[in-house]
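Subject: Structure for you to look at

Hello,

Please find the structure below, as promised. My notes follow it.

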Amino acid sequence: MMARELQGKYQVTILEAGNGFKPFSLPIHTLAWVRRTGLFLDERMIRLLLPNMLVEKSEEMVLVRGIGVGGTTTLATGNAVRWDGALKDLGIDLEPQFEALYEELPITTHHQKHWTETTKGMYALFADMGLNPMVTPKFLKAEQCVECGHCAIGCPTGAKWDTRALVAQAVRSGAELVTGCRVTNLEISGKAVTGVQAKRHGKGVDFHADLVVLAAGGLGTPVILEHSGIPCEKTLFVDPVLCDAGHIPGIRQNRQILMLFISQQDGYILSPYMDYLSFFFHRDWRYPMEEIASIMIKMADEEAGSADGRHIRKRLTEHDRARMARAVAQSREILARMGVPAERQFLGTLNAGHPGGMLPLTARERETLHHSALPDNLYVADGTILPKAMGNPPILTIMALAKKMAELLRE
Ligand SMILES: Cc1cc2nc3c(=O)[nH]c(=O)nc-3n(C[C@H](O)[C@H](O)[C@H](O)COP(=O)(O)OP(=O)(O)OC[C@H]3O[C@@H](n4cnc5c(N)ncnc54)[C@H](O)[C@@H]3O)c2cc1C
């Protein structure tokens, strides 16, 4: 978003650690066969099948992010949720930016017309239980969608929108895109950044710049800052995810877009979701994919943790555990009402894919969006500056924030 918005006013160079996005590398019907080979023992091996998916581990959970053009949005399920309450509390008004994004991007709930009987039944059950399900707005060209359920492993028809479109626009307007180029640290002279150092094809390269915007994500940006002598806070959040599942022959929940509706609860969401990581790697998930019913719990965690390039330190706190236990009790009740008694339900792998918060914006920065710990000509425009865990999809909110930041920088 920053590159697209700044190109023209500035001459933008985008330094991207990864390459272009490659979808799941085998025909989809081979998923079950791949699992049966038993060769995939560790979640980190998923990269052999999905090269842009980087899986790392903290003491307790599996952390997933996208490396390549479009970042993690290429792996996203396309949820376009506005969640800017914590930013509003700081006095940051993103209303015009959200309005512009709704105008520009293919954000829709029209998928509802194509819901299967399974999805309709689950939605009705959530409603009966007083869980107030809301149809999820999606970054989606609904007319191109074939509802295959493969949103997170590479949409085969291009129906799902992701931020590769913005990169392409920036490049068409004259920005330079350098792929395979991993930024390691900033060059700082006095109170200003003069450029960045990067590794490309095993060699060190320097790029000089008047203005640097870091957007390497909630696990990438803090590492670059720390390597440059700018310490971050140990306030990493990740929105932990746990799926609760049951065996229901004939359910075919996987033959549908992921997360078609969301139920907002106190500090977490519940949503139907086929969890590929658990399907591949969790021994309890041994049933055929079309016979698994799965409810995702995605939770706002306490802001406690860190990433320094060597280790990711992230555990659930006591408060997080209590919240997760409440959510699991609720998902167990849903599955029980779908016909799976609690003793035949199985949990998935604790994982997370919404990292951020290690350089949180405060009310002091509401006018400038420029964190006071940074040199004047250095900005951060990704999940790192979000003040709080959302427990909700962050892409739309991060883009609105970046758009506002770009407007300030153009001025
Ligand atoms: C499976 C999955 C599904 C998700 N679904 C949704 C969803 O439906 N809706 C939603 O809102 N959110 C979703 N998310 C979360 C969302 O995708 C991320 O929170 C969001 O993309 C974060 O944006 P970002 O700009 O902070 O970082 P990223 O999107 O991760 O972008 C960081 C970029 O920086 C690059 N990079 C990293 N390090 C370096 C370096 N040293 N040098 C150069 N480049 C570097 C990366 O390759 C990447 O391109 C999902 C996440 C996962 C894992």
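I begin with Glu365, which sits in the loop that runs between β19 and β20. This is a predicted model, and everything below should be read as computed from it. Glu365 has a relative accessible area of 3%, and because anything under 20% counts as buried, Glu365 is buried. Its side chain makes a polar contact with the side chain of Ser372, at 3.1 Å.

The loop between β19 (351-352) and β20 (378-380) also holds Leu369. Leu369 is not a glycine, yet its phi is positive, at about 55 degrees. With a relative accessible area of 1%, Leu369 is buried.

Asp239 is another non-glycine residue with a positive phi, again of about 55 degrees. Its place is in the loop between α7 (221-227) and β12 (241-247). Asp239 counts as buried, since its relative accessibility is 2%. You may want to look at the backbone at both of these places.

Now the ligand. There are 30 residues around it, and those that come nearest are Glu16, Thr72, Thr77, Asn79 and Ile395. Three polar pairs involve oxygen atoms of the ligand:

- Glu16: an N or O atom of the side chain is 2.5 Å from a ligand oxygen.
- Asn79: a polar backbone atom is 2.8 Å from a ligand oxygen.
- Gly383: a backbone N or O atom is 2.9 Å from a ligand oxygen.

On its own the ligand exposes 1,000 Å², and 89% of that is buried by the protein. Three elements give two or more residues to the shell around the ligand, namely β3 (62-66), β8 (181-189) and α10 (395-410). The element that gives the most is β8, with three residues. By residue type, the shell consists of 15 nonpolar, twelve polar and three charged residues.

Of these elements I looked further at α10. This helix has 16 residues, and the distance from its first C-alpha to its last is 22 Å, close to the 22 Å expected at 1.5 Å a residue. Twelve of the 16 residues are buried, so α10 is largely enclosed by the rest of the structure. The buried residues of α10 include Ile395, Leu396, Thr397 and Met399 towards the start of the list, then Ala400, Leu401 and Ala402. Lys403 and Lys404 are buried as well, as are Met405, Ala406 and Leu409. Ile395 thus appears twice in these notes: among the residues that come nearest to the ligand, and among the buried residues of α10.

Last, the chain as a whole. The protein chain contains ten helices and 20 strands. Its C-alpha atoms fill a box of roughly 65 × 45 × 45 Å along the principal axes. For 411 residues, a compact globule would have a radius of gyration near 22 Å; the protein chain has 21 Å, so the two agree. Of the 411 residues, 57% count as buried.

That is what I have for now.

Regards

Terms used: Residues numbered from 1 in each chain as written. Predicted model: local features only at pLDDT ≥ 70, side-chain atom pairs only at ≥ 80, totals over all residues. Heavy atoms only, no water. Near = heavy atom within 4 Å. Polar contact = N/O pair within 3.5 Å; in protein donor to acceptor, adjacent residues only side chain to side chain. Areas by Shrake-Rupley, 256 points an atom, 1.4 Å probe, with all protein chains shown as cover. Helix = DSSP H or I, 4+ residues; strand = E, 2+ residues; numbered from the N terminus. Nonpolar A, V, L, I, M, F, W, Y, C, P; charged D, E, K, R; others polar. Expected span 1.5 Å × (residues − 1). Buried < 20%, exposed > 50% of the residue type's maximum accessible area, 1.4 Å probe, protein only. Rg over C-alpha atoms; globule rule 2.2 N^0.38 Å.
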